[in-house]
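Thank you for making room for this on the agenda. Please have the sequence and the model open while I talk, and stop me wherever something is unclear.

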Amino acid sequence: MTALALTDLARLRGQRGLTSVCSAHPLVLRAALRLGRATGETVLIEATCNQVNHQGGYTGMTPHDFAGLVRRLAAEEALPAERLLLGGDHLGPNPWRDRPAAEAMDEAEAMVAAYVAAGFGKIHLDASMGCAGEPDALDDETTAARAARLAAAAERSAAAAGLPAPHYVLGTEVPPPGGADHLLDRVDPTAPEAAQRSIAVHRRVFAEAGLQAAFDRAIALVVQPGVEFGNRNVIRYAPDRAQALNAVLRAEPQFVFEAHSTDYQGPEALTALVRDGYALLKVGPEVTFALREALYALDLIASDLLPGHGARPLLAAMEGAMLAAPGPWQRHYGTGAEARLLRHYSLSDRIRYYWPAPQAQRAVDRLLAALRGQRLPLPLLRQHLPAALHLADVPLDPEALLIDRVMAALRPYSAACLQRGAPLPA
């Protein structure tokens with residue numbers, strides 16, 4: 001299969017798409033790369049501004065570090081270099097929005113420049129959030145002006161590094177990062193006039209700033225198609241409710257839509273999204289949820305199978321790590337028994353922030369070492385991990401099992417982006 005480029009998306013709108021895997025976990029990255037090698041697809045891996053930035057982000061990685069990690073894993077997984085794309089998500093002042101706008105934008109410029117210099121070819125310009133003393137959400141004019149400033153920094157960085165100039169994603173009407181905190185029953189799609197205005201204002205502001213060439217490389221607009229997930233439930237895509245929004249693309253042949261928080265949508269909804277022009281599907285918590293699900297299943301299996309292993313020591317280690325540093329989950333999950341349940345099983349999967357913690361790494365390493373080479377009895381797999389019955393009574397490779405379960409979560413995205421079995425638009 002020929003590698004799908006970002007510039008192909010508008011031409012193939014409704015027929016092809018790309019899954020954007022937003023994760024820094026090495027096993028998740030391996031799963032995405034391995035699946036791409038198997039299907040022949042282009043693999044798009046993205047990092048967010050809070051996760052990876054020029055100061056290290058919460059992963060401790062700069063864009064250069066993250067790019068190096070992904071490229072090393074891609075080489076190990078034998079994915080051809082031309083089938084790997086790197087993207088930066090929500091690149092703007094968000095990590096520094098508690099500072100005055102001038103300071104926050106200086107940091108954002110440095111971050112964008114670092115991403116581009118590291119070879120990230122897809123840049124989501126997100127300057128919609130207010131900084132200290134500003135409203136939470138900014139007007140289109142201010143947002144576009146700040147996006148243009150960031151694009152100028154990106155253009156300078158690419159030229160200085162001798163790299164191709166990046167492609168841009170505009171727009172910021174997205175669900176809350178990591179999903180909503182409350183039970184949802186409805187999410188309204190972006191108003192068509194709002195999407196049209198966002199494109200028009202960015203087009204004018206970029207031209208006035210002498211950045212027409214940069215705007216010409218804008219490939220997508222972020223909109224809300226009416227999809228979301230909370231801690232406990234999922235709002236799935238309803239094509240009939242988004243028809244007016246989807247019609248915007250007919251007047252904008254340059255663009256496709258980028259859909260955020262498509263986690264847990266399922267095959268039918270994902271296929272419909274791509275068919276309706278949402279050629280970029282973002283997924284993050286769903287794949288780390290699948291990883292956690294498999295790790296906890298192995299924790300239960302080891303507890304039942306191995307004398308002296310203890311009662312779910314991995315869960316206990318993760319509970320300790322989350323209680324010791326509650327910042328990533330506390331305001332989202334509340335307190336008491338409900339919070340304990342959500343810490344481990346929420347669809348927003350904020351436990352993903354804790355896997356790099358030393359006590360979590362020790363617990364995972366102990367679990368995998370205990371099970372490596374073990375022959376798992378069929379009844380235990382039926383009880384705790386029925387999706388892996390084919391692994392009964394053979395020496396276990398636990399890392400391969402974990403990667404396989406993440407790949408299973410990604411396969412519906414792959415099928416949707418290839419539109420397998422879906423009628424193509426007339």
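**A pocket, a barrel and a helix**

Let me begin with the second largest pocket, which has a volume of about 380 Å³. Among the 20 residues lining this pocket, those closest to its centre are Leu84, Leu85, Gly119, Phe120 and Gly121. Please keep in mind throughout that what we are looking at is a predicted model. As for where the lining comes from, helix H2, residues 63-76, and strand S3, residues 84-91, each contribute at least two residues to it. What is the character of that lining? It divides into 15 nonpolar, 3 polar and 2 charged residues.

Strand S3 also brings us to the barrel, a closed one of 8 strands that runs S1-S2-S3-S4-S5-S6-S9-S10 with parallel pairing. On average, and ignoring direction, neighbouring strands of this sheet are turned by 25° against each other. If you look at strand S1, residues 18-22, you will find that it pairs with strand S10, residues 280-283, in the parallel sense over 4 bridges; within that pairing, Leu18 stands opposite Leu280 of S10.

Finally, I would like to turn to helix H4, which covers residues 140-161, 22 residues in total, and reaches 31 Å from its first C-alpha to its last, close to the 32 Å expected at 1.5 Å a residue. At its N-terminal end the helix H4 is capped by Asp139, with a side-chain oxygen lying 3.0 Å from the backbone nitrogen of Glu141. Just after H4, Gly162 takes a positive phi of about 70°.

Note on methods
Residues numbered from 1 in each chain as written. Predicted model: local features only at pLDDT ≥ 70, side-chain atom pairs only at ≥ 80, totals over all residues. Heavy atoms only, no water. Expected span 1.5 Å × (residues − 1). Polar contact = N/O pair within 3.5 Å; in protein donor to acceptor, adjacent residues only side chain to side chain. 1 Å grid on protein atoms, 1.4 Å probe; cavity = no way out; pocket = protein on both sides within 12 Å on 5 of 7 lines; lining within 4 Å. Points joined across faces, edges and corners; volume = space filled by probe spheres on them. Nonpolar A, V, L, I, M, F, W, Y, C, P; charged D, E, K, R; others polar. Pairing = 2+ DSSP bridges. Axes fitted to C-alpha atoms, helices over the stretch in contact; angles between N-to-C directions.
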